[in-house]
Amino acid sequence: MRKIVAITLLLAGNLFAQSNTSNPVSKVPFDRNAFLFSHYDLVLEVDASTATLAARGRVTLHNDSTSPQTQLAMQISSALKWVSVKAQGEAFNFNVEKVASGADHTGAVNEVSVNLPKPVAPGADVDVEVAYKGAITFSDDRLLAAGVPNDIARRSDWDRITPSFTALRGAGYVLWYPVEIAPSPLDTSQHVLNDVASWRYRNASASMNVQWHWIGEQAPRILTANGVVRTLQSVGEQPDSIEIQWSHLGVLAPVIVAGQYYAQTCSAGTVYRLISTLASESAAPLYQEGCNKIAVAITDWTGHTPVNVQFIELPESDDAPYDSGPTFLTPMRSKDVPTIELQVVHALSHAALASYRPWIEEGVAHFVQARTRELQGGRTAAIHFMDERRSLLADVEGMGASESAGSLVQSDSEVMFRTKAMYVWWMLHDMVGDAAMTKALAAYSQSADHGAAEMQRLLEAQLQKDSAHKDLEWFFDDWVYRDRGLPDFTVTNVLPRKGLNGSWLVAVTVENSGNAGAEVLVRLRMPGGETSQRVIVRAHDKVVVRIPTTERPTEVIVNDGSVPESNYENNSFTVSSGNPKQ
């Protein structure tokens, strides 16, 4: 699941075109966040032999602001040109400007700005009729312009239209549909990537309907997408018209993939293998086997049966893998089974547990990856898997409250709803156990989720049924409902006392100087082994935990890495052999 790294991209914006009207569009600043995209209804005519795409259709925008709106702007890839824009039954003046933007693989967008014939009232909708066309070819311009090595750039941006392989990944890769994302180039601040994520989050409830028509003689054999695909009409062996529907886009971009594929079924979906790949070189059978085997584990863990998962082969052996929920694209050349299992379990989780709350769907998908690493290599391997992602989380949390990505409930940051949420689910699993976690997830339904506290309610209800009631309010308040940052645990004192029967009782004082509390593991290391006990340490609090053992400890360690901290350097305490009260 590698992503494009944040880099510096210097592209100057220039005037691209202007409609031949006598009244130019006003350049008065307007609210770019005023409109939400609520529905797309597009017809695409695609000629794979020339890489051309001609689109026409309707985009429905909803005025989400508190003021009437008289202007709007939309962007498409700079590889596409606006042909016409109409609204409220009228054609009107519009400008088109080519502007540098990291939201598209070309490094630029063609932005249309328009004056609406009539103001759109707050809470009202406006239908905008659009038409645009162009050729979508391979482009790594946004990366090469910044000096990124050619091989890295080529592996990252592989979207294109060709007879053998076609891929359109949407916002953040290639803008084949209109969006409204403030244009800015890629740079190390990741500003534009954050804007893309924010736009996806704000417009997650948008629906999309695409009528896809192949024209020309060189149409790919199979087309699929991360939406619902059905053939409307067939001519010979190739579908003449394909309907693709997304009931809601969610935080992931709509993805369309086509190519010369074999489709092979697995227990939870389909594996697409490129015909051009030699059977001896293909890892597709391992994905099929993994799908069949791991689907059962996903049902055991989440209480839901995965369906409609897709594993799709990318054409170049070093292409960067990409996941979009239950759709996963990868070269399928490596036969590293543990890595394949991690990829498969992630996609299967999405195919099993759907939620419009990213911290639930994405968080669980990453959590089950950590669970898989635990099965592969033990708890230490799982913690190492999570720790590889922790530094980015620490960076985000270290920004402070004014710059924080926000609580998990509200956050549009992938670091938050992927990495932090993964840790949250792991910590909850440690606190409540396998049975309660699985039963609570099994009881979860996206359609019945009407409040931010739904998952807390399900977990506490299950614990009460199992006569193991735990108060989870403090945990959800610190980690889910609010972003209080990370804890910072320290062992401040260790007092070993030897009993008359030769056993020891060790009093350990744990302090948490961070702003979030957690249930954390305290370990005692001794010459003959190790023992441990879990303890809840709230924010800015001290707790004394008494742990019985058969030997005097030599070292005490708080946190085995399963709780993300702002500082891991102060977690151990060496017990002096000469001072039992140290």
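**Close-up views of a predicted model**

**View 1. Surroundings of Leu408, a loop residue in this predicted model.** Not counting residues up to four places away in sequence, Leu408 touches Trp359, Met416, Phe417, Lys420, Ala421, Val424, Trp479 and Val480. The loop that holds Leu408 runs between α8 (390-397) and α9, and Leu408 itself is buried, with a relative accessible area of 2%, which falls under the 20% limit used for that term. One of the residues touched by Leu408 is Val424; Leu408 and Val424 are separated by 16 residues in sequence and by 9.7 Å in space, taken from C-alpha to C-alpha.

**View 2. The largest nonpolar core and the part played in it by helix α9.** This core comprises 91 residues, of which Phe311, Trp359, Trp425, Trp479 and Val522 touch the most other members. Helix α9, spanning residues 414-432, gives the most to the core, with 13 residues. Apart from this core lies another, of 76 residues, which includes Val128, Ile161, Phe165 and Trp199.

**View 3. Contacts of Trp425.** When neighbours within four places in sequence are left aside, Trp425 is in contact with Trp359, Ile360, Gly363, Val364, Phe367, Met437, Leu441 and Met455. Among these partners is Trp359, which, like Trp425, is listed with the residues that touch the most other members of the largest nonpolar core.

**View 4. The crossing of helices α9 and α10.** The axes of α9 and of helix α10 (residues 434-443) come within 7 Å and cross at roughly 125 degrees, and the two helices are therefore oblique to each other. The contact is made on the α9 side by Trp425, Leu428, His429 and Val432, and on the α10 side by Asp434, Ala436, Met437 and Leu441. By type, the residues of this contact divide into 6 nonpolar, 1 polar and 1 charged.

**View 5. Gln88, a residue other than glycine with a positive phi.** Phi of Gln88 is near 55 degrees, and Gln88 lies in the loop that links β5 (80-87) to β6 (90-91). With a relative accessible area of 24%, Gln88 is partly exposed.

**View 6. Asn308, a loop residue with a positive phi.** Although Asn308 is not a glycine, its phi is positive, at about 60 degrees. Asn308 is found in the loop between α4 (284-302) and β19 (309-313), where Asn308 is exposed, with a relative accessible area of 61%.

Definitions and conventions
Residues are numbered from 1 along each chain as its sequence is written. This is a predicted model: local features need pLDDT of at least 70, side-chain atom pairs count only at pLDDT 80 or more; totals for chains, interfaces and linings use all residues. Side-chain values use heavy atoms; hydrogens and water are left out. A nonpolar core is a set of buried Ala, Val, Leu, Ile, Met, Phe, Trp, Tyr and Cys residues joined through side-chain atoms within 4.5 Å. Buried means under 20% relative accessible area, exposed over 50%, partly exposed in between (1.4 Å probe, protein chains only). Helices (H or I, at least four residues) and strands (E, at least two) are DSSP runs, numbered from the N terminus. Contact means heavy atoms within 4.5 Å. Axes are lines fitted to C-alpha atoms, for helices over the stretch in contact, and angles run from 0 to 180 degrees between N-to-C directions. Angles under 35 degrees count as roughly parallel, over 145 as roughly antiparallel, 65 to 115 as roughly perpendicular and the rest as oblique. Ala, Val, Leu, Ile, Met, Phe, Trp, Tyr, Cys and Pro count as nonpolar, Asp, Glu, Lys and Arg as charged, and the others, Gly among them, as polar.
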